[in-house]
Each structure stands twice: as structure tokens, then as C-alpha cells.
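Subject: Structure for your review

Dear colleague,

Please find below the structure that I am handing over to you. My notes on it follow directly after.

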Amino acid sequence: MSIVIMVGQLILGLSILVILHEFGHFIAARAFGIKVEKFYLFFDAWGLSLFKFNYKGVEYGVGWLPLGGYVKIAGMIDESMDTDQLAGPPQPWEFRSKPAWQRLIVMLGGITVNIILGILIFWVLTIKYGESYIPNSELKYGIVPGKIGLKIGLEPGDQVTAINGRKVVRFDELTSTEVILGNSDLTVQRGSQVLHVRIPASILNDLSDYGIDQFINKFPRAKFAVESIAPGSGAQKAGLEKNDSIIAINNNKTAFFDQMQAQLAQNKNKQVLVSIKRDGSVIEKIAQIDKDGVLGFIPNLDIPKEKKLSFGFFGSLPVGATKAWGTFSDNAKGIGKVFKGDVKFSKAVSGPVKIATLFGTTIDWVRFWSLVGFLSMVLALTNLLPIPALDGGHALFLVIEMIKGKPLSDKFLERAQIVGFVILISLMVFVFGNDIVKQVMKNR
């Protein structure tokens, strides 16, 4: 059932994005009196569709090939490669008969709708939920770096006070794109020492392999006590009780939760000696750790309370717009790092398999809409790339036409469309295969 929920959310999210993107092209074309022949979610390759109907001269339907969607605009060389109507003279209701600036607006219509949708989603989420964060100044025991953080020189208990010389206000800034895009400088308070840790330009390669929690854990370092115990677990069988403090495992100190997690990971499927502080006394118990390194209790973590910010209806708009634009610009910077060679292409891209895991196996509408908003901005950026068959490729050719003062030949546009389509199919195959390889390697 969990797989069904995950796949269902993926299909719903992508369908919303594709339909609204294509609606952007549709509404712009109709506004300039251009005839739209088809409006499809997914592709009806070889004329096969799951269902279709006609309404006011437009064929609406759902294709069987889930590689996006399209609107077929009369008199335009597009992914359908239907060039028969181009043999005759241009008709006033055709795409090719319209001025270049109108055609450019039609081509940018989908991207525009994606940007508007992204801003709208982040705006509404901000209106409803505001913003919550842990003040960095209230961290009692510093951070918990994972294997990536340890590799670049961070240590458990470090207090990161500044990023590129700017004071850190929110704890979650430590995993912001300002940091993880690399070449950033962290000012670190370690005991009485003030140090500087440089984030390498290639850190995204490691983040792709191990995840953001292996850079800096999303929870700050914390002391802990037992809150509740899972029935039948090693914790229950060992006699742990609520409010117990586990101070050592096999005589290794576990004053902090990350220290205990490390000891459990080292003793999977083994029995361990657990030292417990209860009502001022220290007692010892033998406990069985399961094969996943779990003892079987929910901790009560001593972490600072989150600070909540609320915004009004109009006050939420610039906050939401900033989040949307941040998503767009951060992904653009990521693409730039790929071209510069700082990040491997295979590490930078993700496809349907990875996106499905982001939606998760439970229904969480805040996460769902946050991810749809994020993907809407990513889709806008991707479609701006100057690749033939993408909106950005069409837009580029129209800009060239406006500069030259005459259109590019139909033969050139046909060939460019074929090249672009081959590039896109190759990319899709690579991305899908790359996702599968990543999942296989992750589960080993």
C-alpha cells in the first residue's frame, strides 16, 4: 500500500505540473487567435490514447506514454512532427502566421504558469503555516556532523556562528544552499577556539550519495531521556523505563543522543551492557540490539523550542516569492556547477524514482504541495534551457528570427526538433537508469 501511495502522489504531482504548464501554452495561443488542435497529458504515441474527447474543436486526452504532455498548435513544428499542414500557404489562425513576439509569448506561456504556480504554492503555505526555525544562538550542545561533515573538518559539538562572515540566525541555515553549493566559509566555535571550515566546491557529489543528514544532522546535538518504549523491543526486555537516561553502552559514554546512535550502529544484532541513570542511581542492564541497530524506544530530546513567525495575507507574498525564486536560482547555480565540472552530471540529476521517494509513503499534504512548488520552479528552469524541443529552444530560435528579421527555414526547424527530441529521450533514459542504480547502491 505504501508503494501505491508513493506512486500515486508522484503521478498526481507531475500531472498537475504538466497540465498547468501546457495550459500556459494553450491560453496564450488562444489569446492570439491561434488554433489549438490537441491538449494531452502524456503522449499519445502512434495515435494511441487511454481516453480522449473533443470540445470546441480541440481534442483533449490522456496518452499512454508518461513522458510529460503537449498541446498541438496549428502551423507549428513541435514534438508531434506533423508537418503536413506546413506544405500549404500560412493561414491566419496558424502559429507561423503570427508575429515573432506573439509566438515568443506562446512559447514562454508554460514557463510563466509554472513560475506563477510556484509562487502561489509557497505564498499559500506561508499564509497557513508561517515559518518555524530553531534559533542558532539557543543551541546548547552544538551540531551533529555526519560522515560528510566529519570529512571536511567539522566535529560533534561545534558551534557554527557565521557563514561567509554573516552571523547565523537560524539553525537550518547551516544546510541552506548558500552552504551546500560549496565554496562557502563556516566560522566555527570549538571550545575556546575559533576556526574556519571551508566547504569544497564538490560537496554536492557527496550529498547526492549520502544525503543532507550526513553533512549536518537536521537536529542539533542533544541530551536525552527515554520517553516511551516499543512493545517487544530490546529496550522493553531489558527493563528500561520512561525518564531513564542511558549514560553508557559497553562502558562507552553516551551523554548525547548521537553518541548513543553511534554505539547502537556499532553493535547491530548484538547484546550490550547498558548503563542507566534512574532516580539518581546508576544501574546496568543487558539489552539486545536488533539487526537495524535499534534498541526500541522513543527519546525525549533536549533541543531548543522552535520560534514561529506568522505573516499576514499580503505579507506572506514576498516571503513565498522569495522561496520560489530561491528554488529557481539555486537550481540554476547547480546547473552552472555541472558545466564548470565541480559536480558530476550523474550526481546532480534525479528522475521519477528519486522524486517518488521524496513524496514518501504516507500522505502529508504540506510536504506534497511544498514538493510540487519546488518541482514547478525546477520545471520552469528546465524548460528555459536552449535545447531544441524544449520551450527554451523554440524561444532561442524566435529571438534569432527577431534579430535577423526573417524566420529560420522549416527544414532547419524540423531537423533541430529531431535532434532535440533525441537529446531529451537520451537524457530521460540516462536519468531513469541513474535513479535505479542509485537506489540499488543505496540498498546494498
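The notes below go from the whole chain to its core, its surface and its aromatic rings.

Please keep in mind that this is a predicted model. The protein chain has 444 residues, of which 43% count as buried. Its secondary structure comes to 13 helices and 16 strands. Along the principal axes, the C-alpha trace spans about 95 × 50 × 45 Å. Among contacts between residues at least 6 apart in sequence, 63% join residues at least 24 apart. The chain exposes about 23300 Å², and carbon and sulfur atoms supply 62% of that area.

The nonpolar core

The largest nonpolar core holds 23 residues, and the members that touch the most others are Ile143, Leu154, Leu174, Leu186 and Phe215. Two or more residues each are given to this core by β6 (159-163), α4 (177-180), β8 (185-190) and α5 (203-210). The largest share, three residues, comes from α5. Leu186 may serve as an example of the packing: apart from its neighbours within four places in sequence, Leu186 is in contact with Leu154, Val160, Ala162, Ile163, Val179, Leu195, His196, Val197 and Ile199.

The surface

A nonpolar patch of about 890 Å² is found on the surface, made by Trp46, Leu48, Leu50, Phe51, Phe53, Tyr55 and Trp64. One of these residues, Phe51, lies in strand β2 (residues 49-55). Phe51 has a relative accessible area of 49% and is therefore partly exposed, since exposed requires over 50%.

Aromatic rings

The structure holds 19 aromatic pairs. One of them is formed by Phe224 and Phe297, which are stacked with 6.4 Å from centre to centre and 15 degrees between the planes. This pair links distant parts of the chain, as Phe224 belongs to strand β10 (residues 224-229) and Phe297 to strand β15 (residues 297-301), 73 residues apart. Phe224 is buried, with a relative accessible area of 7%, and Phe297 is buried as well, at 14%. For Phe359 and Phe368, the ring centres are 5.5 Å apart and the planes stand at 40 degrees, so this pair is tilted. Both Phe359 and Phe368 are buried.

Finally, ring pairs link Phe23, Phe26, Phe39, Phe53 and Tyr60 into a cluster. Phe53 in this cluster is also a member of the nonpolar surface patch described above.

With kind regards

Definitions and conventions. Residues numbered from 1 in each chain as written. Predicted model: local features only at pLDDT ≥ 70, side-chain atom pairs only at ≥ 80, totals over all residues. Heavy atoms only, no water. Core = buried A, V, L, I, M, F, W, Y, C linked by side-chain atoms within 4.5 Å. Buried < 20%, exposed > 50% of the residue type's maximum accessible area, 1.4 Å probe, protein only. Helix = DSSP H or I, 4+ residues; strand = E, 2+ residues; numbered from the N terminus. Contact = heavy atoms within 4.5 Å. Patch = residues over 30% accessible without salt bridge, like charges linked within 9 Å, V, L, I, M, F, W, Y side chains within 5 Å. Areas by Shrake-Rupley, 256 points an atom, 1.4 Å probe, with all protein chains shown as cover. Salt bridge = Lys/Arg side-chain N within 4 Å of Asp/Glu carboxyl O. Phe/Tyr/Trp six-rings, centres within 6.5 Å; stacked < 30°, edge-to-face > 60°.
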